[in-house]
Amino acid sequence: MDAFLNEKSMLDLLETLVNIDSGSHNKEGVDQVGQKLVPLFQELGFEIKRVKQEEVGDHLIVTHPKKKVASILIVAHMDTVFEKGTVALRPFTIAEGRAYGPGVIDMKASLVSVIYALRYLKEFGSKAYQNVQVILNSDEEIGSVTSREIIETEVKGKSFALIMEPARRDGSLVTERRGSGRFTIEVHGKAAHSGIEPEKGRSAIEELAHKIVKLHELNDHEHGISVNVGIIEGGDAVNTISAMAIGHLDVRVSTLEQAEEVEHKIEEVCASADVNGTEIELTGDMRRPPMLKDKKIEALFNIVKNVGADLGIEIKDTKTGGGSDASFTSAMGIPTIDGLGPIGGNAHSDKEYLEISSLKERTLLLAKVIERLNQK
Ligand SMILES: [Zn+2]
């Protein structure tokens, strides 16, 4: 195994990828990451279709010509949450068994893992790697706005979807995710001097306050519904009745029914004004459906678990509140497992790390899972 899963060369590739700033809005950087990966897939005989984008990096669809209709879809993203200049401040480093740097675990280590897993299978004479299609998208961290459609189109007809978000700190895979939505409530009122002619004003802030209280009443933590106005803006001066107030709302749900119900209730709350003469404009929607651990996902997880057992790795699963592209593939009815990347933690922060010992381990797991699924 060592010849094909050489930790040193895997870390070299990881260093190259981490040291390219590739925040979602940095098209040039994300495209550069793509350019590093393309020849590596081509070496393995894959063909790459580039889906050009204006605002974000181009999405890449990687397919083997011998298997135009692969049965396994792997989804991995090339973008990070870090802005341009982060690499200069804290480039790739290694200390005490961990690797650090922007996007190291979310999910540049996963990109390395995908390449090496496919390479490993090819080198060992398994044709299973040809039965894989890979989508490398460039806007996952901003909700996969432009890649969602590609993922939903390509996953049709697949038997399995493997999503390469990192494994949790304790190595768990992810079989359940809450669905999420984002909404903006923009309230228009009427400005007036609060000392001279307050009766002429219509306070947008007052109206938004009513809405915030009502929206927060939709919280039902016991059943996995959370509604949070996390940012508010508004007002011009302390002695001016505010003409404008904006609230930004994050919503999480555990089931598809809840998604519909909560969206409906939000619309209801915002349908009429509590402060006469103010107007409310509601925009946004439920962005990612929930991923539910149904029988199909359970069956796929058991396969992965058995492959892990053969390798001497105990594989557990867990649920998380965050969204990922697994939400799209699972909502399409395709058995999906997430968290197949290497192990690490503190994603989206400057303390983000990869547990280096997991890089080869999880890559081998991925390769063996592909091999097993190819026989299904
Ligand atoms: Zn990610």
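**Exercise 1. A lysine and its partner**

Task: Classify Lys214, whose relative accessible area is 33%, as buried, partly exposed or exposed, and determine which residue forms a salt bridge with Lys214.

Solution. The model under study is predicted.
Step 1. Buried requires a relative accessible area under 20% and exposed one over 50%; with 33%, Lys214 is therefore partly exposed.
Step 2. The salt-bridge partner is Asp274, and the closest N and O atoms of the pair are 2.8 Å apart.
Step 3. Lys214 belongs to helix α6, while Asp274 sits in the loop between α7 (256–271) and β15 (279–288), so this pair ties together parts 60 residues apart in sequence.
Step 4. Asp274 is likewise partly exposed, its relative accessible area being 34%.
Step 5. Elsewhere, salt bridges with shared partners join Lys27, Asp31, Arg50 and Asp58 into one network.

**Exercise 2. Two salt bridges within helices**

Task: For the pairs Lys211 and Glu207 and Glu152 and Arg148, state the N to O distance, and then establish where each pair lies.

Solution. The general principle is that side chains of opposite charge can pair when their charged atoms come close.
Step 1. Lys211 and Glu207 form a salt bridge at 2.7 Å, N to O.
Step 2. Both of these residues are in helix α6 (residues 204–216), and their separation of 4 residues is about one turn of the helix.
Step 3. Lys211 is buried at a relative accessible area of 0%, and Glu207 is buried as well, also with a value of 0%.
Step 4. In the salt bridge of Glu152 with Arg148, the closest N and O atoms are 2.9 Å apart.
Step 5. Helix α5 (residues 148–155) holds both Glu152 and Arg148, which are 4 residues apart, about one turn of the helix.
Step 6. Arg148 has a relative accessible area of 29% and is partly exposed.
Step 7. As for the total, the structure holds 23 salt bridges.

**Exercise 3. The zinc site**

Task: Identify the protein donors of the zinc ion and decide whether the site is tetrahedral or irregular.

Solution.
Step 1. The donors are NE2 of His77, an OD atom of Asp106 and two OE entries of Glu165, at 1.9 to 2.7 Å from the zinc ion.
Step 2. Along the chain, these donors follow the spacing H-x28-D-x58-E.
Step 3. Asp106 is in helix α4 (residues 104–123) and Glu165 is in the loop between β7 and β8; the two are 59 residues apart, and the pair links distant parts of the chain.
Step 4. A tetrahedral site would need all angles between 85 and 135 degrees. The angles among the 4 donor atoms run from 52 to 143 degrees, so the site is irregular.

**Exercise 4. The surroundings of Glu165**

Task: Establish whether Glu165 is buried or exposed, and which side chain of opposite charge is nearest to Glu165.

Solution.
Step 1. Glu165 is buried, as is Asp106.
Step 2. The loop that contains Glu165 runs between β7 (160–163) and β8 (166–167).
Step 3. The nearest side chain of opposite charge is that of Arg177, 5.1 Å away. A salt bridge requires the nitrogen to be within 4 Å of the carboxyl oxygen, and Glu165 has no salt bridge.
Step 4. Beyond its neighbours within four places in sequence, Glu165 has contacts that include His77, Asp106, Met107, Glu140, Arg177 and Asp338.

**Exercise 5. Backbone geometry**

Task: Find where the cis peptide bond between Asp106 and Met107 is placed, and characterise the positive phi values of Glu96 and Ser144.

Solution.
Step 1. The cis bond joining Asp106 and Met107 has an omega of about -10 degrees, and Met107 is in helix α4.
Step 2. Glu96, although not a glycine, has a positive phi of about 50 degrees. Glu96 is placed in the loop between β4 (93–95) and β5 (98–100) and is exposed, at 82% relative accessibility.
Step 3. Ser144, also not a glycine, has a positive phi of about 50 degrees. Ser144 lies in the loop between β6 (132–137) and α5 and is buried, at 0% relative accessibility.

**Exercise 6. Nonpolar cores**

Task: Determine how many residues the largest nonpolar core has and which of them have the most contacts inside it.

Solution.
Step 1. The largest nonpolar core has 80 residues, and Phe41, Leu118, Leu136 and Ile370 have the most contacts inside it.
Step 2. The element giving the most to this core is α4, with 13 residues.
Step 3. Leaving aside neighbours within four places in sequence, Phe41 is in contact with residues including Phe46, Val62, Leu118 and Leu136.
Step 4. Another core, apart from the largest one, has 20 residues, among them Ile185, Leu249, Val251 and Cys270.

Notes. Residues numbered from 1 in each chain as written. Predicted model: local features only at pLDDT ≥ 70, side-chain atom pairs only at ≥ 80, totals over all residues. Heavy atoms only, no water. Buried < 20%, exposed > 50% of the residue type's maximum accessible area, 1.4 Å probe, protein only. Lys, Arg positive; Asp, Glu negative; His and termini not counted. Contact = heavy atoms within 4.5 Å. Donors = N, O, S within 2.8 Å, 3.2 Å for Na, K, Ca; no water. Tetrahedral: all angles 85-135°; square planar, octahedral: opposite > 155°, others 65-115°. Core = buried A, V, L, I, M, F, W, Y, C linked by side-chain atoms within 4.5 Å.
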